[in-house]
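User: Please pick one part of this model and look at it closely. Then follow its links outward to the rest of the chain and to the ligands.

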Amino acid sequence: MTLQLGLQEHAAYIPDDNPLTSEKIALGKQFFWDKRWSRNGTVACVSCHDPNHGWADPRQFSLTFEGKRTGRHASTLLNRLFSDRQHWTGERTSLEDQAMNARDQSPELVVEHLGAVPAYQKQFRKVFGTDLNAEGVAKAIAAYVRTILSGNSPYDRFQAGDTDALSPAARRGLRHFEGRSHGRGCIGCHAGFNFTDEGYYNIGVGMDREDPDLGRYTFTRREADKGAFKAPTLRDVARRPPYMHDGSMKTLEDVVAFYNKGGHRNPWLSPLIQPLNLSASEQADLVAFLEALTGEVAPEVTSPPTLPQ
Ligand code: HEC
Ligand code: HEC
């Protein structure tokens, strides 16, 4: 696999028992799109992770196979190759674990519904050497998700020496992002080539609610994790409003204004979140920088597959 400009191969996480092969990836791509995957045939991964919307959901909350609202906003699936743990809280240990335990499916029904498709049985045997089973379906989907990669953004071309790739506004925004003008900057958490350190922080989103979502705490039960959520990658961020685990911010301007006032104060707020005191034009520069993180995803990854009868 050749990675786009700006992505770093040494950071890739691929479990030893699920190597990437082109046949497995192609099969996983079909499952990703196929609604027969879900318990009642009404949703597929693509229903909530839209390739034309930065692989997230334009809706604040998604609708499950039962037509119920999900508890959190659907995260982007971009550049998950560079991480083992998944979900806003990190409670899934791998992409395989995530696909195996997704609530809209059940392993028994996956075998019953997808296993009834002769073309899938044939492809599956070729890849895994057995009849279709739920673990293999999860592995194939995880393999495909690892190919959803975005790089070669204006920022990457700028880093590679093309000084005109970033507008003057985006270049000023980069300085704010790196904290060279005020405080510690965004790179305190959105660090490195994928703009995340994969860490969990309380920045105060939703903490003004009476009964806030306590995030990572709901699964670790550690006091320090109260209200902490994963710092997401910022690649392609302009493509996927609304933002945050509760989809409560409609625009990047809203996000930057939120950080500028120092997040939302609460007992567990990360010390890295402080008022920034950026002027309106400095905030606009920061937004211009975030927009310059919009890169390219390979067309063969994004285009819908043909599904067998
Ligand atoms: C009904 C909507 C829905 C469907 C269908 C769905 N997801 Fe999600 N997905 C979500 C939501 C909501 C979250 C956030 C969950 C959380 O963190 O609590 C999420 C989170 C994820 C994450 C975590 C990403 C990260 O950055 O941590 C991955 C990976 C993922 N989904 C993959 C899939 C795959 C693969 C499928 C199909 C097998 C799928 N999803 C089907 C709504 C959906
Ligand atoms: C203390 C760590 C930390 C710092 C510093 C930080 N962020 Fe974040 N960022 C997060 C976390 C955690 C989330 C997710 C919070 C949630 O959903 O509740 C997030 C979410 C975001 C999102 C939404 C992404 C999405 O897909 O929904 C954007 C945009 C963003 N941050 C930009 C910035 C910018 C710009 C700065 C600097 C002004 C910054 N961040 C500083 C931790 C941080």
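Analyst: Leaving aside neighbours within four places in sequence, Gln105 is in contact with Trp37, Arg39, Ala99, Met100 and Val110. The model is predicted, and this residue serves as the starting point. Gln105 sits in the loop between α3 and α4. Its relative accessible area is 5%, so Gln105 counts as buried, the limit being under 20%. The side chain of Gln105 makes a polar contact with the backbone oxygen of Ala102, at 2.9 Å.

One contact of Gln105, Trp37, leads on to the nonpolar interior, as Trp37 is also among the residues touched by Phe31. Beyond four places in sequence, Phe31 touches Leu114, Tyr120, Leu132, Val137, Ala140 and Ile141 as well. In soluble globular proteins, nonpolar side chains tend to be buried together. Here the largest nonpolar core has 32 residues, and Phe31, Phe32, Trp55 and Ile141 have the most contacts inside it. At least two of its residues come from each of α1 (22-33), α2 (45-48), α3 (95-100), α4 (107-114), α5 (118-128) and α6 (134-145). Helix α6 gives the largest share, 8 residues. A separate core of 31 residues lies apart from this one and includes Phe177, Ala231, Val237 and Leu293.

Trp55, named above for its contacts in the largest core, belongs to the loop between α2 and α3. Its relative accessible area is 1%, which means that Trp55 is buried. Trp55 is not a glycine, yet its phi is positive, at about 65°. Arg221 also has a positive phi without being a glycine, near 60°. Arg221 lies in the loop between α9 (217-220) and β2, and with a relative accessible area of 57% it is exposed.

The loop between α2 and α3 also holds His49. The NE2 atom of His49 is the only protein donor of the iron atom of ligand 1, at 2.1 Å. There are 24 residues around ligand 1, and Cys45, Cys48, His49, His87 and Lys230 come nearest. Both α2 and α3 give at least two residues to this shell. By type, the shell divides into 10 nonpolar, 10 polar and 4 charged residues. Polar contacts to oxygen atoms of ligand 1 include one from the side chain of Arg72 at 3.0 Å and one from the side chain of Arg80 at 3.2 Å. A backbone N or O atom of Trp88 is 2.8 Å from an oxygen atom of this ligand.

The second ligand has its own surroundings. Ligand 2 has 26 residues around it, with Cys186, Cys189, His190, His245 and Tyr259 coming nearest. This shell is made up of 20 nonpolar, 4 polar and 2 charged residues. The side chain of His190 places an N or O atom 2.9 Å from a nitrogen atom of ligand 2. The side chain of Arg240 has an N or O atom 3.1 Å from an oxygen atom of the ligand, and a backbone N or O atom of Met244 is 2.9 Å from an oxygen atom of ligand 2. Two or more residues of the shell come from β2 (229-230) and from α10 (252-260). Helix α10 contributes the most, with 3 residues.

The loop between β2 and α10 contains Pro242. The peptide bond from Pro241 to Pro242 is cis, and its omega is near -5°.

Helix α10 also includes Leu252. Leu252 has a relative accessible area of 7% and is therefore buried. Not counting residues up to four places away, Leu252 touches Val237, Ala238, Tyr243, Val287, Leu290 and Glu291. Of these contacts, Val237 is also listed among the residues of the 31-residue core. Leu252 and Leu290 are separated by 38 residues in sequence, while their C-alpha atoms are 8.0 Å apart in space.

A further buried polar residue, Asn194, occupies the loop between α8 (168-177) and β1 (200-201). Its relative accessibility is 4%, so Asn194 counts as buried. Beyond four places in sequence, Asn194 touches Asn79, Phe82, Thr233, Leu234 and Arg235.

Methods
Residues numbered from 1 in each chain as written. Chains lettered and ligands numbered in written order. Predicted model: local features only at pLDDT ≥ 70, side-chain atom pairs only at ≥ 80, totals over all residues. Heavy atoms only, no water. Near = heavy atom within 4 Å. Polar contact = N/O pair within 3.5 Å; in protein donor to acceptor, adjacent residues only side chain to side chain. Helix = DSSP H or I, 4+ residues; strand = E, 2+ residues; numbered from the N terminus. Nonpolar A, V, L, I, M, F, W, Y, C, P; charged D, E, K, R; others polar. Core = buried A, V, L, I, M, F, W, Y, C linked by side-chain atoms within 4.5 Å. Buried < 20%, exposed > 50% of the residue type's maximum accessible area, 1.4 Å probe, protein only. Contact = heavy atoms within 4.5 Å. Donors = N, O, S within 2.8 Å, 3.2 Å for Na, K, Ca; no water.
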